[in-house]
Amino acid sequence: MNAPVSMPHVMPTYGRLPIALTRGEGAYVWDTDGRRYLDGLSGIAVNTLGHAHPKLVAALQDQVGQMIHCCNYYQVPLQEELARLLVERSGLTNVFFCNSGLEANEAALKIARKYGHEKGIDRAEVVVCERAFHGRSIATLSATGNPKVHAGFEPLVEGFVRVPFNSIEALEEVARTHPNVTAIFMEVIQGEGGINPARVEYLQAARRLCDEKGWLLMLDEVQCGMGRTGKWFAHQWAGIQPDVMPLAKGLGSGVPVGAVVCGPKAANVLQAGNHGTTFGGNPLAMRAGVETVKIMEEEQLLAHAERLGHHLMDALRRELSNTKGVVEIRGQGLMIGIELDRPCGVILNRALDAGLLLSVTADKVVRLLPPLVFTTEQADDLVAILAPIIRQFLSESAV
């Protein structure tokens, strides 16, 4: 293991692992000592195309030579190109571009409030879910269903009604008792909350309820969108459309890009002066998004993610399902969680020692988010590394 890298001038907001990564190629990265790691995390679902994809590299080099940034005082043709690609693949109407998932979710919350004001609701409420994670700004952490994220930042922003995830009955109860609700806001697959997928019937019930009540259905696809589950957007497995869909992470394959894609009910809520961004939608970010979408289609990565996800899930279940202490292996496509019956943060370090990058979330869930260019052989290598680590951990630690 490398000695910790000294970073005395960087604010200590992260519990960092003791390696520094210097380069990557495909699904592998190398540290400053030249050691290679298999990337089972892809920068937390960001590096859709892996590292140093030659087509993306060439496109970004070309764009840097033309223009990196211009502000939104001016038209940016690449914004229209990427917006068109997202609208065509989602069936929605238009797009606002920003820089991150947090910003996309913040914009969604502003849409929900202004939508309420336009309906004569002065103190709009938004339904959110337990165990959700929507970001760390004051508004998005208030929407987040994790007391650890809230701690130290109270008072929280008002206007959120929290319900259990996947409970249709809870949504129906809110509809009966909260006249100021303007939107339901939830992840299609909870990422930080432990890789918890929304059931198809739950998503369909939420869509139906929003239609009946005139609410917006706002689906956070920041982590699960952009092909990770085998469709462009995870909600498409349920055969529904949202009114508001925040995106980020994998949209730019490593270049910061956030987006809010809206359907007809929400498309014109924000007007000039209601919202904005300095960096959002700049030419470099837009080129990254355009090329990401094109390469994903050229290389048929959606179908690949679905196939490889089944392969990886089957292999993990073969190796671990009968292991005492493994609660559940769940997820969809290349978004997989292995829930254990005890806190398992130590697995993060043990996997690192064995040459594998992953994460542990919700204290007890090993989270896998490999790049969409992951191969079958790399998936098998991941299982061969990880399964013995989990079995060893469970054999030596008590609940």
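How many bridges join strand β14 to β17? The count is 4, and the two strands run antiparallel. Keep in mind as you look around that this is a predicted model.

Let's stay with β17 for a moment, since a good part of this tour hangs on it. The strand covers residues 365–368, and both of its faces are covered. Val365 and Arg367 sit on one side, Val366 and Leu368 on the other, and all of them are buried. So an arginine is counted among the buried residues here, given that buried means under 20% relative accessible area.

Now for the neighbours. On the β14 side (residues 335–340), Glu339 stands opposite Val365. Strand β16, residues 359–361, is another partner: 3 bridges join it to β17, and this pair is antiparallel as well. If you pick out Val365 again, you'll find that it is the bridge partner of Thr361. Val365 therefore has Glu339 opposite it and Thr361 as a bridge partner, under the usual DSSP pairing rule that needs at least two bridges between strands.

β16 and β17 form a hairpin with 3 residues between the strands. Have a look at the backbone of Ala362 there: its phi is positive, near 55 degrees.

Next, go back to β14 and follow the chain out of it. In the loop between β14 and α11 (346–353) you'll meet Arg342. Is Arg342 buried or exposed? It counts as buried, because its relative accessibility is 6%, below the 20% cut-off. Its side chain also makes a polar contact of 2.6 Å with the side chain of Asp341.

For a contrasting case, jump to Asn268, in the loop between β12 (258–262) and α9 (283–298). Asn268 is exposed because its relative accessible area is 56%, and the cut-off for exposed is over 50%. Asn268 also gives you a link between distant parts of the sequence: Asn94 is 174 residues away along the chain, yet the two C-alpha atoms are 8.9 Å apart in space.

Last stop, the empty space inside. There is 1 cavity of 30 Å³ or more, and the largest cavity holds about 40 Å³. Its lining draws on several stretches of sequence, including Ala45 and Thr48, then Val222, Gln223, Gly225, Met226 and Arg228, then Lys249 and Gly250, and also Leu372. By class, that lining has 4 nonpolar, 4 polar and 2 charged residues.

Note on methods
Residues are numbered from 1 along each chain as its sequence is written. This is a predicted model: local features need pLDDT of at least 70, side-chain atom pairs count only at pLDDT 80 or more; totals for chains, interfaces and linings use all residues. Side-chain values use heavy atoms; hydrogens and water are left out. Buried means under 20% relative accessible area, exposed over 50%, partly exposed in between (1.4 Å probe, protein chains only). On a 1 Å grid over the protein atoms alone, a cavity is a set of points where a 1.4 Å probe fits but cannot get out, and a pocket is an open set with protein on both sides within 12 Å along at least five of seven lines; lining residues have an atom within 4 Å of a point. Grid points are joined across faces, edges and corners, and a volume is the space filled by probe spheres set on the points. Ala, Val, Leu, Ile, Met, Phe, Trp, Tyr, Cys and Pro count as nonpolar, Asp, Glu, Lys and Arg as charged, and the others, Gly among them, as polar. A polar contact is a pair of N or O atoms within 3.5 Å; within protein, one must be able to donate a hydrogen and the other to accept it, and residues adjacent in sequence count only if both atoms are side-chain atoms.
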